[in-house]
Amino acid sequence: MPPMLTSPLLEAARAIADDLTALRRAIHAEPELGLHTPLTRDKVRAALAGLPLEWREGPSTTGLVATLKGTAGSGRSVLLRGDMDALPMPEETGLPFASTIPGTMHACGHDAHTAMLAGAARLLCARRDSLRGEVRFMFQPGEEGHHGARFMLDDGLLGGGAHGPLPDAAFALHVMPNAPHGLVTGKAGPLMAAADQLEITVRGAGGHASMPHQAHDPVPVACEIVTALQTLVTRQFDAHDPVVVTIARIEGGTAHNVIADFAKLKGTMRTLSPRHRARLHAAVQQLATGIASAHGLSADVVIEEGFPVTICDPRAVDLAEAAVTDLFGPPAWRRLDRPIMGAEDFSYVLEQVPGAMLFLGVSHEGEDWTQCCGIHSTRMLLDETVLPQGAALLAGLAERFLDRGFG
């Protein structure tokens, strides 16, 4: 059910809807990858030029933090995050403002996140005289696997140590193209999983495919490891604390009649607790090396740690529910009953600052949202009429926290 679009803050956001759409489309047409997104950074600065914001940048990334100090007095501080980077994939949407950069696409909605955060900055600057405390707007590159939030924290852009205090609360908003139009969802506790990359190399000895007894074939051993990993998950880990192990790529061999010297498995591991994350790392190492050894082969296991678990503070989720209800009406809010096994590097911020990530449904109104292409699809679309709602929500979260904290 669409939200009740009646609040003054939302009406102010709707008044700048054309600007939000134009910024989103400009970013969408020139997507950038990784930790350095100078074109997007410059678009953000231009969109917010002339506003009473204090800017900080770098040195490790092109990430920006713009700080707005309320003039109604000192008080709390709150961080709002929007990510700026795209994905290394082609675009097949057919949009008139589709990517002009081959093999690069905003397929995760970061163009919309950035536009909505810029909109929130404009809304709050216009209401500066009623704000006590400060709002920090975090424009972050490198979310798609590049640990951009961690780099910005390490650079001191968010505070901490000699860089001053960290914010008192932090919020982020992520669009969901295959969710009901305008619906905001959230969940206290673990919201998204930790994600680690897994690579297992089974080493044997090659030979002629017609004489496997004279070789040490790594391929069937690698296949056995793949199957055993699934048994490992279902038999050694509590189903109420989920674990996912997916082998997404298998490499091995050069010809149909040659036994390979090695076979390589690549995949991902998802966990929702630090305890299971550590246990899974050890268990995978033991399983792969043990199976290989049983066949007279060896296995090298390399685990690259990715983002930690995204854990939302219950107080922040309660605040979000109250803000959404006040802004748009009760039908616009829903609590999720289970985590999502995707990963998000806003988790680095939430490890140090209490807060929450929320999801905003951006399917086109009236469409069957269950049939819409999801994030990371080459055909992902979103309804730009939801952009003002996202901008108003971010601004509303900041206002509510500065006014009353988590109370």
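## Exercises: a sheet, its helices and its cores

**Exercise 1.** Which strands does helix α3 lie across, and which strands does helix α4 touch?

*Solution.* Start with α3, residues 38-47: helix α3 lies across β1, β2 (64-69) and β4 (134-140). Its direction runs at about 175 degrees to β1. Next take α4, residues 110-126, which packs on the sheet and touches β2, β3 (77-83), β4, β5 (169-176) and β16 (355-361). The angle between the directions of α4 and β4 is about 160 degrees. Keep in mind that this is a predicted model.

**Exercise 2.** Work out the strand order of the sheet, and say why one side of β1 and of β15 is left without a neighbour.

*Solution.* Write down the order: β1-β2-β4-β3-β5-β16-β6-β15, eight strands in an open sheet with mixed pairing. Now look at the ends: β1 (54-57) and β15 (333-335) are at the edges and each has a single partner strand, so one side of each has no neighbour in the sheet. From one strand to the next, the twist averages 25 degrees.

Then zoom in on β15: it runs parallel to β6 (residues 184-186), and three bridges join the two. One pairing to check is Thr-185, whose bridge partner in β15 is Arg-334.

**Exercise 3.** Find the largest nonpolar core and trace the contacts of Phe-139.

*Solution.* The largest nonpolar core counts 86 residues, and Phe-139 is among those with the most contacts inside it, as are Leu-80, Phe-137 and Leu-393. Skip neighbours within four places in sequence, and the contacts of Phe-139 include Val-44, Leu-64, Met-84, Leu-117 and Met-152. Finally, there's a second, separate core of 28 residues, with Val-202, Ile-247, Ala-263 and Leu-265 among them.

Methods
Residues are numbered from 1 along each chain as its sequence is written. This is a predicted model: local features need pLDDT of at least 70, side-chain atom pairs count only at pLDDT 80 or more; totals for chains, interfaces and linings use all residues. Side-chain values use heavy atoms; hydrogens and water are left out. Two strands pair if DSSP finds at least two bridges between them. Helices (H or I, at least four residues) and strands (E, at least two) are DSSP runs, numbered from the N terminus. Axes are lines fitted to C-alpha atoms, for helices over the stretch in contact, and angles run from 0 to 180 degrees between N-to-C directions. Contact means heavy atoms within 4.5 Å. A nonpolar core is a set of buried Ala, Val, Leu, Ile, Met, Phe, Trp, Tyr and Cys residues joined through side-chain atoms within 4.5 Å. Buried means under 20% relative accessible area, exposed over 50%, partly exposed in between (1.4 Å probe, protein chains only).
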